[in-house]
Amino acid sequence: MKFDLSSEQELIRKTAREFAEKEITPHAARWDQNEEFPAETVKKLGELGFMGIAVPEQWGGAGMDNLSYILAVEEISRACGSVGVIMSVNNSLACWPLQAFGTDAQKEEWLEPLASGQKLGAYCLSEPQAGTDAAAQKTTANPDGDGWVLNGTKNFITNGAHADTFIVFAMTDLTKGHKGISAFVVDAHAPGVAVAHTEHKMGIRASDTAQITLDDVKLRGDQLLGEIKDGFKIAMQTLDGGRIGIAAKALGIAQASIDHSIAYAKERSQFGRPIAQFQAIQFKIAEMTLRTEAARLLTYRAAAVKDQGRRHSNESALAKLAASTASVYCSEEAVQIFGGNGYSKEYPVEKLMRDAKICDIYEGTNEVQKMVISATALA
Amino acid sequence: MDFELREDQELFAKGVRDFARGEIQPLCAKMDREGIIDGELLEKIKQQGFFGLSFPEHYGGVGLDTHTYGLVVRELARVDAGVAIMIAVHNSVGSYPVMQYGSDALKEKYLPKMADGQIASFCVTEPGAGSDAAGLTSRAERVDGGYRVTGEKIWVTNGHHADFFVVMARTSDDGHKGISSFLLERDTEGLQIGAKEDKMGLRSSDAISLVMADAFVPEENRIGPEGIGFKIAMSALDGGRIGVAYQALGLAQACLDVGARYALEREQFGKPIARLQAVQWHLAEMATELEMAHLLADKAAWLKDQGKPYGKQAAMAKLACTEMAGRCADKALQIHGGFGYSKDYDVERYYRDVRVTRIYEGTSEIQKLVIARNVLDEFGG
């Protein structure tokens, strides 16, 4: 075992940190307040190679490993969780299934623009009635000549209103349950694709979350991704990777909570001394550091296992559960350390708390992660 | 021991519940968005007598005991925690100093106005004095006929609407013994009402900053003798904490209400999620913790109504109720999944509203300090 980073990994972390401090931190509060999608910043992330970090250079990516990708998401999320998730969805949920299951022709047509940041991707699995029970898909894909026709409604689609390319899951055989699901790659600007509405959310307000309707959307035959009826497997394997990205996003929020707490505790005096000198505050910092560091090791391990090409469902679930829980815990404690100031939008920690909570929910709730972990343990 | 509510308490709580559901619920989302209480609602609340709940009848109040008053705060908070705290601050920390320590003349002059709906606020916290309330630096300099007060107060709940400001300020440098308490009227020259704080939650309630620049307050508006301001503030907060405890109970109950209702409605895996153990466990823990915390609050209120010491129990009640309510909000949101993160559902607001209950009127850490001091005192240390 070794716990150090390669010089390449150190470099991407440093690059991400500097980019975040310069391009994200000064704007994050405004984006949050106005529910503003940071389109220019996303474009710059693309130019840096951050929208397809683990995609081979041949397909427009940066050709780095998954741990590098995770380090970048963590650093970006330290400045703003919304930008972290925009990046994570494009890398993990849009690029990866194309890279893993696409033909060379599909990679050229769809993956390259996404990985190079010229286009933005989204992942359309959830439906109003299919959340945790993702297999309960009602969207259909019916054969139409050589191609397909899509009909249905997709819910809570991150990047939905700004994306150019969707990975869409739909039933090609309604009688087969989750074995009747297939995956497709869809042009978000095609006729019949519409944004029904975007959500007004508690947090990650710079990331857009849309309901997408698919109304007789015509697809060519070569827009089927992978084999027919392999959709559920593709969806789940994609989420195995996505969850490491969300874990990294959560780590960024947890670390930001610790950073702000330490700075404030040293600066804020009560009872004639900095509050950092009180055990009540010291032990909070200790607990926050412990939970974050433990979650970080689980997250880096999940990325390392993925880099070895091994199955990582359980590692990802452990990482996401630990990191999400740590981010909610740390951001709550940060608000507490800041006291009344923590509850005000003049200070950065109330946003951290609002941005953290969604980590407990998306790409599989904490409960879903526990289902994965317990099923693995009991098997 | 007797665990039942009196019939009049049940009736009172039900009346408030109906009012809150009928008149407040339709406005909650709007008030949250706009960051201020609805003007017409505020008038209705005044007409209904909510600002006189804890005032004796001979001042024109309702004369509720602490326990019944707590139940009212709970029922309001079950619908809108911001409206609940507005009423709680007025009925406790805003008015208690005059009621308990004011001269007869002061009581006769101000309590009927307060009971009638002229709003009271409580000003202790300063930019440099939060948990360390005794570290406040606002000064009251003696002048002919009274004092001139200079300093800055922050996080003044109700300040945007308040007619009266109960202000703690220094009359000497003798630590917490150098603090005195005054009642300032809104139109006092030198009083500048600052902007409302832009807060994460509890947005129907306002909190403002207050700048006092040589603001004159007549001698007769000093509450009690010089030097007991800190004691007044602390004893006012003992009672205030019972109100915050009931506010948190209302929020927790609201979370249990929406959590259970949503769990029965929402189907996944071919059945309501209420049939899944993971969701049942959330509900079971919420219900159990809520009941435990409720009993602590009821006991604190009972002690106060009996005229017995209640500072320790009030701190325990506030600590238990607010920490519990935070966990309930988290679980209720979790049961809602992605929908719970959307402003289309009330639980999103409860989650933001509940957070401040662990902070104001003494953070959880301050409650632990109070409890620990009491425990150590009991052991002679």
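Two residues are in contact here if their C-beta atoms, placed from the backbone, lie within 7 Å. Keep that cut-off handy for the exercises below, and remember that this is a predicted model.

**Exercise 1. Describe how domain 1 and domain 3 of chain B meet.**

*Solution.*
Step 1: Get the domain bounds. Chain B splits into domain 1 (7-115), domain 2 (120-226) and domain 3 (231-378).
Step 2: Check the spacing. The C-alpha centres of domains 1 and 3 of chain B are 20 Å apart.
Step 3: Count the contacts. On the domain 1 side of chain B, 23 residues are in contact with 23 residues of domain 3 of chain B.
Step 4: See what builds the domain 1 side. Helix 2 (28-34), helix 4 (66-77), helix 5 (81-91) and helix 6 (96-101) of chain B are the elements that each give two or more residues to it. Helix 4 of chain B gives the most, with eight residues.
Step 5: Sort that side by class. You get twelve nonpolar, six polar and five charged residues.

**Exercise 2. Zoom in on B:Ala77: is this residue buried or exposed, and what does it touch?**

*Solution.*
Step 1: Place it. B:Ala77 sits in helix 4 of chain B, the helix that gives the most to the domain 1 side facing domain 3 of chain B.
Step 2: Apply the burial cut-off, which is 20 or more other C-beta atoms within 10 Å. B:Ala77 has 32 C-beta neighbours inside 10 Å, so it counts as buried.
Step 3: List the partners. Skipping neighbours within four places in sequence, B:Ala77 is in contact with B:Ala84, B:Gln247, B:Gly250 and B:Leu251.
Step 4: Try a residue elsewhere in the chain. B:Lys196 is 119 residues away from B:Ala77 along the chain, and their C-alpha atoms are separated by 21 Å.

**Exercise 3. Work out which helices of chain B give two or more residues to the side that touches chain A.**

*Solution.*
Step 1: Start with the totals: 30 residues of chain B are in contact with 28 residues of chain A.
Step 2: Pick out the elements. Helix 10 (311-336) and helix 11 (346-355) of chain B make the list, and helix 11 of chain B gives the most, with four residues.
Step 3: Look at the chemistry. The chain B side divides into ten nonpolar, ten polar and ten charged residues.

**Exercise 4. Build an overall picture of chain A, then look at how its domains 2 and 3 meet.**

*Solution.*
Step 1: Take stock of the elements: chain A has eleven helices and ten strands.
Step 2: Test the fold against the globule rule. For 379 residues a compact globule would have a radius of gyration near 21 Å, and chain A agrees because its value is 21 Å. Its C-alpha trace spans about 80 × 45 × 40 Å along the principal axes.
Step 3: Check burial and contact range. Buried residues make up 59% of chain A. Of its contacts with a separation of 6 or more, 74% are between residues 24 or more positions apart.
Step 4: Turn to the domains, which are domain 1 (7-120), domain 2 (122-232) and domain 3 (239-378) of chain A. The C-alpha centres of domains 2 and 3 of chain A are 31 Å apart.
Step 5: Count. Four residues of domain 2 of chain A are in contact with seven of domain 3 of chain A. The domain 2 side has two nonpolar, two polar and no charged residues.

Note on methods
Residues are numbered from 1 along each chain as its sequence is written. Chains are lettered from A and ligands numbered from 1 in the order in which they are written. This is a predicted model: local features need pLDDT of at least 70, side-chain atom pairs count only at pLDDT 80 or more; totals for chains, interfaces and linings use all residues. Domain bounds come from an automatic or database domain assignment. Ala, Val, Leu, Ile, Met, Phe, Trp, Tyr, Cys and Pro count as nonpolar, Asp, Glu, Lys and Arg as charged, and the others, Gly among them, as polar. The radius of gyration is taken over C-alpha atoms; the globule rule is 2.2 Å times the number of residues to the power 0.38. A residue is buried if 20 or more other C-beta atoms lie within 10 Å of its own, exposed if 12 or fewer, and partly exposed in between; C-beta atoms are placed from the backbone.
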